[in-house]
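Dear colleague,

I am passing on to you the structure we talked about, and below it you will find my notes on what turned up when I went through it. Please keep it open beside you as you read.

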Amino acid sequence: MPQLSVIVPTFKERGNVAELVRRLDAALAGIAWEAIFVDDNSPDGTAAAVKEIGADDPRVRCLRRVGRRGLAGACIEGMLSSAAPFVAVIDADLQHDEKVLPQMLAKLTGGDADLVAATRYVEGGSAQGLAGRRDAISRLATRLTHRLVGVPLSDPMSGFFMMRRDRFDEMAPRLSPTGFKILLDIAATGGGKLRIAEQPYSFGERFAGESKFNAQIGVEFLGLLLAKMTGDLVDPRFIFFAIVGTIGLFVHLFALWLLLMFLPPQHDLFRAAQIFATFIAMTSNFLLNNELTYRDRRLKGWSQLKGFVLFCLIGSVGVLANVDLAGWLYVERPIWWVAGAVGAVMSALWNYAMSTLFVWRAR
Ligand code: GDD
Ligand code: MN
């Protein structure tokens, strides 16, 4: 019976599998361990490479997921499949130093901690393997996280940690399977009840293959931060939608101001300018939502044009509903800002719900 399950999320990591198992075997001598690779059906045959090793070494298993993608979700399913008292998560590309695993385990078996987070940002750790721009992004995200969510982690971006399985099992249903930031999610979800210790290590360079980090992951990370700030009450997608709508208001006013500067001051021209500014704001809202709010369902080419027409139609109905509701409320209770705000919130909810259902449909 293994004491430690090492979960290894993989996507296109065929060239790293054998080397990682070799290094785990050396680092974990004397410990009953197993390695569970969670592969998202990599086209390069990562799963087959793992199973080939598993044929000779029963400590090595592969969980192959089909029709799904995502680092956090892969880690969650891997940990859920374990029956060992302790679980660790480590990247397959050898950037995480497996030699600190025994020290991490010792901290847990000592009984003073529920989770040990490996960190690059304390004495004894380093981030040398992170190239210039990525290092800057990682440090910025770290600072933002410290500002916005209260977690006792010096390196909340880390994807390298070990924890007691019983504590993980308790919180698993509350974790989010999207994005890269599984450790941050666990720490934030566990709150003050989770006792966290840290282990410095030095983040190395990738052995083989390429990084899977991209803009989509950055957006999902922002979403996770926003969700945690509202205590998981508001869906991050709706927060993005509302931010885009607010930006749209400023775009509208700016466009209107520009137009009025250049047009002769006539009453009928104001109407034309207002219509034009509305159109500009709608376009900007649509494009921003396409890039940000619904990035994972981004529309391209022809479907972008179709989506835009639909988005405008939904928005027009939203305006009518807004004006109707506000007017009715104002008659019932003549407080202008209450009526105005209720109308605006209603149409925002309508636009959001309809856009999610019809413009950016889940695939
Ligand atoms: N199953 C699965 N599904 N695994 C994935 C997926 C996915 O969609 N995307 C990435 N992985 C695996 C990779 O195969 C690798 O083993 C590990 O997750 C980390 O992915 P990398 O592509 O190497 O990410 P990185 O090096 O840019 O980022 C890593 O280091 C960062 C340090 O700043 C990650 O550990 C981040 O969480 C960490 O913040
Ligand atoms: Mn990596």
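**A buried histidine and the sheet around it**

His-96 counts as buried, because its relative accessibility is 3%, and the limit for that word is anything under 20%. Please bear in mind throughout that this is a predicted model.

Where does His-96 sit in the chain? It belongs to the loop that runs between strand S4 (86–89) and helix H4 (101–109). Its side chain comes to 3.1 Å from the backbone nitrogen of Asp-91, and, if neighbours within four places in sequence are set aside, the residues in contact with His-96 are Ile-90, Asp-91, Gly-159, Phe-160, Tyr-201 and Phe-203.

Strand S4, which comes before that loop, is part of an open sheet of seven strands with mixed pairing, arranged in the order S3-S2-S1-S4-S6-S5-S7. Strand S3 (60–64) and strand S7 (196–200) are at the edges and have a single partner strand each, so one side of each has no neighbour in the sheet. From one strand to the next, the twist averages 20 degrees.

Within the sheet, S4 pairs with strand S6 (residues 161–164) in the antiparallel sense over four bridges, and Ala-88 is found opposite Met-162 in S6. Helix H7 (residues 182–190) packs on the sheet, where it touches S5, S6 and S7, and its direction makes about 35 degrees with that of S6. Helix H4, for its part, lies across S4, strand S5 (115–119), S6 and S7, and runs at about 25 degrees to S6.

With best wishes

Definitions and conventions: Residues are numbered from 1 along each chain as its sequence is written. Chains are lettered from A and ligands numbered from 1 in the order in which they are written. This is a predicted model: local features need pLDDT of at least 70, side-chain atom pairs count only at pLDDT 80 or more; totals for chains, interfaces and linings use all residues. Side-chain values use heavy atoms; hydrogens and water are left out. Helices (H or I, at least four residues) and strands (E, at least two) are DSSP runs, numbered from the N terminus. Buried means under 20% relative accessible area, exposed over 50%, partly exposed in between (1.4 Å probe, protein chains only). A polar contact is a pair of N or O atoms within 3.5 Å; within protein, one must be able to donate a hydrogen and the other to accept it, and residues adjacent in sequence count only if both atoms are side-chain atoms. Contact means heavy atoms within 4.5 Å. Two strands pair if DSSP finds at least two bridges between them. Axes are lines fitted to C-alpha atoms, for helices over the stretch in contact, and angles run from 0 to 180 degrees between N-to-C directions.
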